Amino acid sequence: MRYLRTSQDFLFTQLQYLPFSIKEHEISTLNQMSWLMKTAAIEMRVTSLNRQRSHTQRLLHLLLDDMPVKPYLADGEGGMEDESRSVSGFLHFDTASKVRRKILSILDSIDFSQDIPEPLQLDFFDRVQIEQVIANCEHKNARGQVVCNVKYLHRVLVAEVNALQGMAAIGQRPLLMEEINTILQYVVERNKLLQCLHAKRHALESWRQLVEIILTACPQDLIQAEDRQLIIRDLLQDVHDKILDDDAAQELMPVVAGAVFTLTAHLSQSVKTEQKQPLALPMTGQCQYVLMLDGSFTSSPGSESISMGFASVGDSSLHIILKKLLDFILKTGGGFQRVRTHLYGSLLYYLQIAQRPDEPDTLEAAKKTMWERLTAPEDVFSKLQRENMAIIESYGAALMEVVCRDACDGHEIGRMLALALLDRIVSVDKQQQWLLYLSNSGYLKVLVDSLADDDLTLQSLLTPQPPLLKALYTYESKMAFLTRVAKSQQGALELLRSGVIVRLAQCQVYDMRPETDHQGMYGMRDPPVFIPAPVERYRQILLPALQLCQVILTSSMAQHLQAAGQVLQFLISHSDTIQAILRCQDVSVGSLQELASLTGIISKAALPGVLSELDIDVNEGTQMELQGHIGRFQRQCLGLLSRFGGSDRLRQFKLQDDNAGGDRVNKRDEIELAMQQICANVMEYCESLMLQSAPSFQHAVCLFTPSLSESTNRDGPRQDTQTSVVPYWHLPGLGIIVYLLKQSTSDFFSYYDSHRQSVNKLQNVEQLPPDEIKELCQSVMPAGVDKISTSQKYVLARRRLVKLINNRAKLLSLCSYIIETCLFILWRHLEHYLLHCTPTDSQDPLLSSRMSFKKGRLQDSFGSEPNLDFSSGLNRVSQHDIEQLQIEATNSFGESLQKKLLDIEGLYSKVRSRYTFIQALVRRIRGLLRISRT
């Protein structure tokens, strides 16, 4: 390559004459062009790696700049006369039709149509047998082309004629030989057809390689962002026009589909990159984006700011590309599923263009009034998304049928991409036309019923040495799509009708929980392997099912009790697994995510009144059994408060090495978020139990004993390093609630400060010290940070900061919810104990009957078992306990804590919502503690 480059300038000289004249010698000319383009691709790759920018730039200009079009289909001498004729035509006629990028002219020179020889019309030979003989005579030649050996076929046919006996055969021999000549002529034309198609496919693949090298291997700054988008647009439109022609050969579809996939991926990436680049103009692009972070820029991100991302290529061009892409999908018909796999990937990349990029939750957006949000102008992302959906819907049931059929049957990769495409379309389909078609045509029911078929296959994946994991990835895609459907109220209703939760309850794979690997404590010490451990594989199977149940419970409003009944049936069907998860002592990311999802489900499903919605015949024995299951779920969830309500495990985790690598930092964030989510779910569960089980304040169901000893013990010094965890079969004391309230208050201010610091850093990324930039980048890309450019480091640092800001915003939301719920539960319990509860040392017989009534209500809430008395902690409340409760609560709920709580309401709650409860609850608790009990 160096010799050709330095001595003869071979490639540049030869590429100047592309495309060659191909009218007379099409096959050889196409092969010459193919090898020349492949060599040029290698040259551009090598010069890019060696940073020989001038050589790369020279070739890029030659291929991508507009050139006068030469008559490449004319007879092939092309001397000065042809050139002068071309120039004169260029000067005197429409310049737009005479100027063309060389890379497009090369594509134009490849004729996608192909003349097919007429089928054989035979009088003596049997056509089917002749086709079989021709197939037997095929072989690969030196160029790898499959052709028929004409000489060998001639010998076979002549031998067949010579073998004929009789006078009739002798008389018809001239006719037979003439028919043999016809067959041989047909085979010669057929060989030429195959060779020509092979040459065209070879040329098209070489052209595709050259385009891919230009877009991926060459330095990005050699092609301006606007020019890059326009080049990709031109390439996409031209290649679609050629393949969508009625005469285009189907054999070229796979190569074209691969090229379309690559081009669409780069178009999406180019548009997103242009959106994220900081612009020099004063209030546009990234500068406006940064100003939006601290609320100093008040206008909404409308067309003036973010439309810069679509300015280069234009919405109309994007719509044309989408229509051509959908036409290509429909042209493949019932076959060519592998071709459609590339096209589905292309369509997903295209639809990503209209996705709003990740924006940091700066807690400022909630300051806008509802009227400002409703009257805000439509931003460019929503507009493009709406127009894309209108184009997709215009193709009607034909497109729906193709995509839905591929999602239900066929090759695994095709099914996964079809399901991903359905997921994306359903998420933006405001009219729910696709959901309606899925339901009415039965495809949704087919997907749900296929979960039963997946059961056995998934069970085989939990062995130590599993077979191929294709079934697992297909299952994950299917569950992700069903979860997307369940996010709308109508979708959740359709899934309930199709019996998806009943199917999940019948699957036995969820009962095959492997043993936990305790050596991987904190989820950080396992070496990364490509095939995950059996426990991780099991979580990949279980977590999508739990998330689907949780989304259905959240979305099903009018049918909430029906959904809760079915989900409760799912929990009871797999009760052994559920209880094993609730008892699990592991503190890894996976186990905590399991607990977070599971507690979210139990808090909405295992509630009083749900048993009446079960679709089973419930007699007295079954009723007691079901109540026993629910009681165990409730007790185990309450027991989680002792583990995660600021327990020592969280402290141990926080004491891990602060200089950990990027992967550990991300996992620490995930573990912290999961722990807060678990606490929020359990507190939601306690609140729901109290509200649904108590007809009045006087007859409240108390979940916690009137003891704050756990709070005072935890706040004081401890001799041992382990907190004394309350066993899950004993009712915890109110001290856990008070401690969780204090811990969440402290965590809130820590998260709030971290959130504000990250927002400030995001506004001034370029001013951060290099070491901090490197640390942020390593959280996103653990290896190879030193090899990337400074601008790329800034992009990675911004990505990490946005993720960190959003993580802290979620933690702030969870802490705020935990604080409000803790205050509510504390208030209800204090009100019961200090106002309505009568001590057991009272001698009034009427009061003792009241206590027995309360004991019965508690047992109704938790279920009853003969060996355990769950109300024993409450029916022995003495006057001393109540007085001690008031003294300890007054000391724990002091002025300092109250001020912090009111500060949280002012900093966060009033910003997020008009409805706040902290101040009212603090006022009521303070009033209760001031009451002197007589």
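Over the ring of which residue does the charged end of K38 sit? The answer appears in the third legend, and every view is drawn from a predicted model.

**View 1. The largest pocket and its lining.** The largest pocket, an open set of 1 Å grid points over the protein atoms alone where a 1.4 Å probe fits, with protein on both sides within 12 Å along at least five of seven lines, holds about 1,600 Å³ of space. Its lining (residues with an atom within 4 Å of a point) comprises 37 residues, with Q220, T273, S789, S791 and Q792 nearest the centre. Helix α38 gives the largest share of this lining, seven residues.

**View 2. The aromatic pair F261 and Y349.** Phe, Tyr and Trp rings (for Trp, the six-membered ring) pair if their centres lie within 6.5 Å; planes under 30 degrees apart count as stacked, over 60 as edge-to-face and the rest as tilted. The count comes to seven aromatic pairs. The ring centres of F261 and Y349 are 5.6 Å apart with planes at 65°, so this pair is edge-to-face. F261 in helix α13 and Y349 in helix α18 lie 88 residues apart.

**View 3. Charges over rings.** A charge sits over a ring if NZ of Lys or CZ of Arg is within 6 Å of the ring centre and within 35 degrees of the ring normal. The charged end of K38 sits over the ring of W35, 4.9 Å from its centre. For R58, the charged end sits over the ring of F12, at 3.7 Å from the ring centre.

Residues are numbered from 1 along each chain as its sequence is written, and side-chain values use heavy atoms, with hydrogens and water left out. In this predicted model, local features need pLDDT of at least 70 and side-chain atom pairs count only at pLDDT 80 or more, whereas totals for chains, interfaces and linings use all residues.

Methods
Grid points are joined across faces, edges and corners, and a volume is the space filled by probe spheres set on the points. Helices (H or I, at least four residues) and strands (E, at least two) are DSSP runs, numbered from the N terminus.
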